Amino acid sequence: MRALVQRVSRSAVFINGELTAEIGRGMLILLGVGRQDNPEKIRYVAGKCIQLRIFEDEQGKMNRSLAEIGGQVLVVSQFTLYGDTRKGRRPGYSGAAPPEMAEAYYNEFVDVLRSQRVSVRTGQFGANMQVEIHNDGPVTLMVES
């Protein structure tokens, strides 16, 4: 599982030009599910994301977690995080989970976040989305299982 985490001041998802979801201060998580993933990896990555100390404290140091700032999360499925660009010009996606598995694990990831009392919004799995990102910092990290 790969989660590309971006600290945001705001983020939103649009589908067919219509606002589907938006958050204020918090994290945008672009989530890729791999063929080798399992429920243990989902719990690990979800826990790691919400515990990351990437928000500034009173001294301006990245010392606070999402829970400490009362932040929100927007989770967007992103199978292209498993794109392999080592050969040729067209990325290969053989490491990405098949859609049925990926959707189930994506939903489970969201459920794990919600079970930790995190305010979560989501994109729509498999949809063509336009994602508006106001990356704060910028701060971008890859969390992997």
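**Close-up 1. What lines the largest pocket in this predicted model.** Sorted by class, the lining has 13 nonpolar residues and 6 polar ones, with no charged residues at all. The pocket's volume comes to about 340 Å³. There are 19 lining residues, and the closest to the pocket centre are Ser77, Gln78, Phe79, Gly126 and Met129. Four elements each give two or more residues to this lining: β3 (26-32), β6 (72-77), α3 (99-115) and β8 (130-144). Top contributor is β3, with 3 residues.

**Close-up 2. Arg7 and its surroundings.** Look for Arg7 in strand β1, which runs over residues 2-15. Is Arg7 buried or exposed? With a relative accessibility of 5%, Arg7 counts as buried, because the cut-off for buried is under 20%. Its side chain gets to within 2.7 Å of the backbone oxygen of Ile54. Leaving out residues up to four places away in sequence, Arg7 also has plenty to touch, including Gly26, Phe55, Glu56, Met62, His134 and Asp136.

**Close-up 3. Helix α1 from cap to packing face.** Helix α1 covers residues 39-51. At its N-terminal end, Asn38 acts as the cap, with a side-chain oxygen 3.0 Å from the backbone nitrogen of Glu40. At 1.5 Å a residue, the 13 residues of α1 should span 18 Å, and the end C-alpha atoms are indeed 18 Å apart, so the two agree. Which α1 residues are buried? They are Ile42, Val45, Ala46, Gly47, Cys49 and Ile50. An α-helix has 3.6 residues a turn, so residues three or four places apart point the same way. The buried residues of α1 pack against β1, β3, α2 (66-69), α3 and β8.

How values were computed:
Residues numbered from 1 in each chain as written. Predicted model: local features only at pLDDT ≥ 70, side-chain atom pairs only at ≥ 80, totals over all residues. Heavy atoms only, no water. 1 Å grid on protein atoms, 1.4 Å probe; cavity = no way out; pocket = protein on both sides within 12 Å on 5 of 7 lines; lining within 4 Å. Points joined across faces, edges and corners; volume = space filled by probe spheres on them. Nonpolar A, V, L, I, M, F, W, Y, C, P; charged D, E, K, R; others polar. Buried < 20%, exposed > 50% of the residue type's maximum accessible area, 1.4 Å probe, protein only. Polar contact = N/O pair within 3.5 Å; in protein donor to acceptor, adjacent residues only side chain to side chain. Contact = heavy atoms within 4.5 Å. Expected span 1.5 Å × (residues − 1).
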